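Reader: Hi! I have a protein open on my screen and I'd love some help finding my way around. Could you walk me through it?

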Amino acid sequence: MEGLKFVTNLKLLSTDVTDSPVLTVLKRTDDGEEYTEATKGSYLAYEKLEWTKAALIVHDIQILADAPAPEGYSAFLLSKQKVALFTKKITLCFKSSAVSELPPGTSAVTDICITSKKVVSLQHYTPIGQFGPFTVNVRKQPLPRRALAPPPPPPPEKVPHQLAWDDRVRYLRQPLSLPPAPPAVAVDGVQSLLKRMAELNFDLERAIVAEAAPVSG
């Protein structure tokens, strides 16, 4: 899987361009026909890189007729076709994204080929559209699953603090700290207070008796 290559870019090039380790130029259809007349003398070419080295990877290609490219797609004019009194513009548009933004399992383009109408279907390839008598076919494959780093271990749970047995015994043996007792009332003070109260009661009784006695005349 490390050497698996995906398409990273598409372009139209002049006929004097040759292949390179990165660039693949489609000079003929898969069944050997010339197609440059439909593309005004240009070759369809694409770049490929190993998925581990590619910054961007093409994961969708569309062939549109007289329609603007969807938002976020790169596009170029592939061909012009005369239909009655009108000229139909065939646009090839493709969407590429950073490898880091594509989740594992996303299907991306690994190869492109052009076939003529003589070829009904091509094994492992999907036709995406036509320009003139030719069809553009793409092959896709899911991106390899990356080895994900193991998740960090969960933080240890907080356990309520527990005293050891020795600490518990030591804690129980400590003397209890009681609140200070209120100040004691002196005994002499209490006796003086009782004596004074008795004297007041005696004086009060004498006054009541004196007032109740008849007055002699």
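## A chat about strands, cores and salt bridges

Reader: What kind of model is this, before we start?
Author: Good place to begin: this is a predicted model.

Reader: How many helices and strands does the protein have?
Author: There are two helices and nine strands. Going along the sequence, the pattern reads β-β-β-β-β-β-β-β-β-α-α.

Reader: Cool. Which way do E1 and E3 run when they pair up?
Author: They run antiparallel, and nine bridges join E1 (residues 5–14) to E3 (residues 42–50). If you'd like a spot to look at, find Asn9, which stands opposite Glu47 in E3.

Reader: And what about E2, how many bridges join it to E3?
Author: Four bridges do, and E2 (residues 23–26) and E3 are antiparallel too. Here you can look for Thr24, whose bridge partner in E3 is Tyr46.

Reader: Let's go further along. How do E5 and E6 pair?
Author: E5 (residues 74–83) and E6 (residues 86–98) pair in the antiparallel sense, over nine bridges. Ser74 is a handy marker, as it stands opposite Phe94 in E6.

Reader: What's in the hairpin of E5 and E6?
Author: Two residues sit between the strands, and Ala84 in this hairpin takes a positive phi near 60 degrees.

Reader: Where else do I find a positive phi in a residue other than glycine?
Author: Try Asp66, with a phi near 50 degrees. Asp66 is in the loop between E4 and E5. Lys40 also has a positive phi, about 60 degrees, and is not a glycine. You'll find Lys40 in the loop between E2 and E3.

Reader: Is Lys40 buried or exposed, and why?
Author: Lys40 is exposed, because its relative accessible area is 65%, and exposed means over 50%. Asp66 counts as exposed as well, because its relative accessibility is 51%.

Reader: OK, new topic: the inside. How much of the protein is buried?
Author: Of the 217 residues, 29% are buried. As a general point, nonpolar side chains in soluble globular proteins tend to be buried together.

Reader: Which residues touch the most other members of the largest nonpolar core?
Author: Those are Leu10, Tyr35, Ile61, Leu92, Ile112 and Phe131, in a core of 27 residues. At least two core residues come from each of E1, E2, E3, E4 (56–65), E5, E6, E7 (107–116) and E9 (134–142). E3 gives the largest share, with four residues.

Reader: Can we zoom in on Ile61? What is Ile61 in contact with?
Author: Leaving aside neighbours within four places in sequence, Ile61 is in contact with Leu10, Leu92, Cys93, Phe94, Val109, Ile112, Ile128 and Val138. Apart from the largest core lies another one of nine residues, among them Phe6, Ala54, Ile57 and Leu102.

Reader: How many contacts join residues that are at least 24 apart?
Author: As a share, 66% of the contacts between residues at least 6 apart in sequence join residues at least 24 apart.

Reader: Now for charges. How many salt bridges does the structure hold?
Author: Two. In one of them, Glu47 pairs with Lys11, and the closest N and O atoms are 3.0 Å apart. This pair links distant parts of the chain, with Glu47 in strand E3 and Lys11 in strand E1, 36 residues apart.

Reader: Why does Glu47 count as partly exposed?
Author: Glu47 counts that way because its relative accessibility is 22%, while buried means under 20%. Lys11 is partly exposed too, at 26% relative accessibility.

Reader: And the salt bridge of Glu34, what is its partner?
Author: Arg28, with the closest N and O atoms 3.8 Å apart. Glu34 is partly exposed, with a relative accessible area of 37%, and Arg28 is partly exposed with 48%.

Reader: Last topic, the outside! What is the accessible surface of the protein?
Author: About 15800 Å², and 58% of that belongs to carbon and sulfur atoms.

Reader: Which residues form a nonpolar patch on the surface?
Author: Leu193, Leu194 and Met197 do, with about 320 Å² of accessible area together. Met197 is in helix H2 (residues 187–212), and Met197 counts as partly exposed because its relative accessibility is 45%.

Reader: Thanks, that helps a lot!
Author: You're welcome, and enjoy exploring!

Technical notes: Residues are numbered from 1 along each chain as its sequence is written. This is a predicted model: local features need pLDDT of at least 70, side-chain atom pairs count only at pLDDT 80 or more; totals for chains, interfaces and linings use all residues. Side-chain values use heavy atoms; hydrogens and water are left out. Patches are made of residues with over 30% relative accessible area and no salt bridge: like charges are joined within 9 Å, nonpolar side chains (Val, Leu, Ile, Met, Phe, Trp, Tyr) within 5 Å. Accessible areas come from the Shrake-Rupley method with a 1.4 Å probe; for residues, only the protein chains shown count as cover. A salt bridge is a side-chain nitrogen of Lys or Arg within 4 Å of a carboxyl oxygen of Asp or Glu. Buried means under 20% relative accessible area, exposed over 50%, partly exposed in between (1.4 Å probe, protein chains only). Two strands pair if DSSP finds at least two bridges between them. Contact means heavy atoms within 4.5 Å. A nonpolar core is a set of buried Ala, Val, Leu, Ile, Met, Phe, Trp, Tyr and Cys residues joined through side-chain atoms within 4.5 Å.
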